Amino acid sequence: MKGVKYDRVGAQQKLCTNKWRMGMNSIKVRKRKVVLVMLVVIMVSQLFAIQKIYAAEKNNVKAAYREFLSEQNLLWTNRYTTDEGIKFRMEDLNKDGKQELLIYDEYGSNATGQLAVYAYINGKVKYMASYPLWKVTFYRNKMGLVYSEIYRDGYEKSYQVYNGKKIKQKYTCQGFYDDSMKKTVETYYDSKGNKISKKTVKNQIRKLKKNRKKLTISEGANNMYLNNKSNLDKYIFPKK
């Protein structure tokens with residue numbers, strides 16, 4: 001009888017112990033859920049904060065570009081933003097989420113005008129580079145590839161990359177024509193002016209063109225917008 005009694009007591013103790021363990025496990029699960037919910041709330045709030053900062057920065061960029069175009073600011077051509085024949089367009093050239101400002105000056109060179117790239121850096125609109133406008137292609141990918149070409153006695157093709165702060169030369173190609181306007185000589189150079197094989201350049205350019213979304217601007221810049229209030233309101237944003 002005593003053995004049976006002790007077995008019953010032991011069973012009861014074991015049952016109590018199991019219930020206690022189950023209760024503790026339940027508390028731990030609830031705590032984990034609370035912690036998980038709190039982490040999710042923190043992550044969501046941080047995400048919203050980042051989005052607000054990003055939206056504010058985008059608005060700052062647009063406001064700076066609008067102000068630069070609206071006021072009489074000196075351009076790289078010694079003409080002004082408010083002069084006749086000035087066009088603009090905003091594009092993200094290197095897929096970093098921040099747009100650059102393209103400005104075309106119809107009277108900027110003895111070609112068919114000149115095209116320049118400006119960027120918003122450290123709170124200021126800064127000049128990056130310019131091109132006599134025969135043809136300029138922006139590949140709008142992470143490499144920020146920019147291709148331009150010039151035709152005079154011969155021709156020159158230029159391949160550059162934009163990293164968000166500078167436009168750097170990668171390769172150039174110089175060519176000439178004979179009397180029948182056929183190509184006679186075509187030479188490729190690296191960024192330091194050293195001769196390099198056409199095959200090497202083509203292979204490197206192929207890599208720089210990955211994931212591209214091309215924007216080509218050529219004579220007349222017909223896919224850009226005249227700098228006036230109506231277009232600033234439409235393509236940047238209305239001034240308050």
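A residue counts as buried here when its relative accessible area is under 20%. By that yardstick, 34% of the 240 residues of the chain are buried. Keep in mind as you look around that this is a predicted model.

How far can you trust it? The mean pLDDT of the chain is 83, with 74% of its residues at 70 or more. The stretch to be wary of is residues 44-56, where the pLDDT is below 50 and the model shows one contact beyond near neighbours in sequence. Where pLDDT is low, the predicted coordinates should not be read in detail.

Now for the overall layout. The chain's secondary structure comes to three helices and twelve strands. If you take contacts between residues at least 6 apart in sequence, 45% of them join residues at least 24 apart.

Let's begin with the open sheet. Five strands make it up, in the order S4-S3-S2-S1-S12, with antiparallel pairing. S4 and strand S12 (225-226) are at the edges with a single partner strand each, so one side of each has no neighbour in the sheet. Further in, S1 and S2 pair in the antiparallel sense over six bridges. To find your place there, look for Lys87, whose bridge partner in S2 is Tyr104.

Several of these strands also feed the largest nonpolar core. That core has 20 residues, and Leu102, Leu115, Val117, Phe138 and Ile217 are the ones that touch the most other members. Two or more residues each come from strand S2 (100-105), strand S3 (114-121), S4, strand S5 (135-138) and strand S11 (215-218). S3 gives the largest share, four residues. Leu115 is a good place to park the viewer: leaving aside neighbours within four places in sequence, its contacts include Trp76, Leu102, Ile103, Ala129, Val136, Phe138, Ile217 and Met224. Apart from this core lies another, of 17 residues, with Tyr65, Leu75, Met90 and Tyr120 among them. As a general backdrop, nonpolar side chains in soluble globular proteins tend to be buried together.

Next, the aromatic rings. The structure holds eight aromatic pairs. One of them is Trp76 with Tyr127, a stacked pair with 6.4 Å centre to centre and 15° between the planes. This pair links distant parts of the chain, 51 residues apart: Trp76 is in the loop between helix H1 (2-70) and strand S1 (86-91), while Tyr127 is in strand S4 (residues 124-132). Are the two partners buried or exposed? Trp76 counts as buried because its relative accessibility is 18%, whereas Tyr127, at 37%, counts as partly exposed. Both also belong to one aromatic cluster, together with Phe68 and Tyr118.

Another pair is Tyr147 with Tyr159: the ring centres are 5.2 Å apart and the planes are at 45°, so this pair is tilted. Tyr147 is in strand S6 (residues 145-151) and Tyr159 in strand S7 (residues 155-162), so the pair ties together parts twelve residues apart in sequence. Tyr147 is buried, with a relative accessible area of 9%, and Tyr159 is buried at 9% as well.

That pair takes us into a run of hairpins. S6 and S7 form a hairpin with three residues between them, pairing in the antiparallel sense over seven bridges. Tyr147 stands opposite Tyr159 in S7. S7 and S8 then form a hairpin with four residues between them, and Gly164 in the turn has a positive phi of about 95°. These two strands pair in the antiparallel sense over eight bridges, with Tyr171 in S8 as the bridge partner of Tyr159. Why call S7 largely enclosed by the rest of the structure? Because seven of its eight residues are buried.

In S8 (residues 167-177) you will also find Thr172. Thr172 counts as buried because its relative accessibility is 15%. Setting aside residues up to four places away in sequence, Thr172 touches Lys157, Ser158, Thr187, Tyr188 and Tyr189.

Finally, swing over to helix H2 (residues 198-208). Its buried residues are Val201, Ile205 and Leu208. They cover an arc of only 55° around the axis, which puts them on the same side of H2. An α-helix has 3.6 residues a turn, so residues three or four places apart point the same way. On the other side of H2, Lys199, Arg206 and Lys207 are exposed.

How values were computed: Residues are numbered from 1 along each chain as its sequence is written. This is a predicted model: local features need pLDDT of at least 70, side-chain atom pairs count only at pLDDT 80 or more; totals for chains, interfaces and linings use all residues. Side-chain values use heavy atoms; hydrogens and water are left out. Buried means under 20% relative accessible area, exposed over 50%, partly exposed in between (1.4 Å probe, protein chains only). Contact means heavy atoms within 4.5 Å. The arc is that of the directions from the helix axis to the C-beta atoms. Rings of Phe, Tyr and Trp (its six-membered ring) pair if their centres lie within 6.5 Å; planes under 30 degrees apart count as stacked, over 60 as edge-to-face and the rest as tilted. A nonpolar core is a set of buried Ala, Val, Leu, Ile, Met, Phe, Trp, Tyr and Cys residues joined through side-chain atoms within 4.5 Å. pLDDT is the predictor's confidence in each residue, from 0 to 100. Two strands pair if DSSP finds at least two bridges between them.
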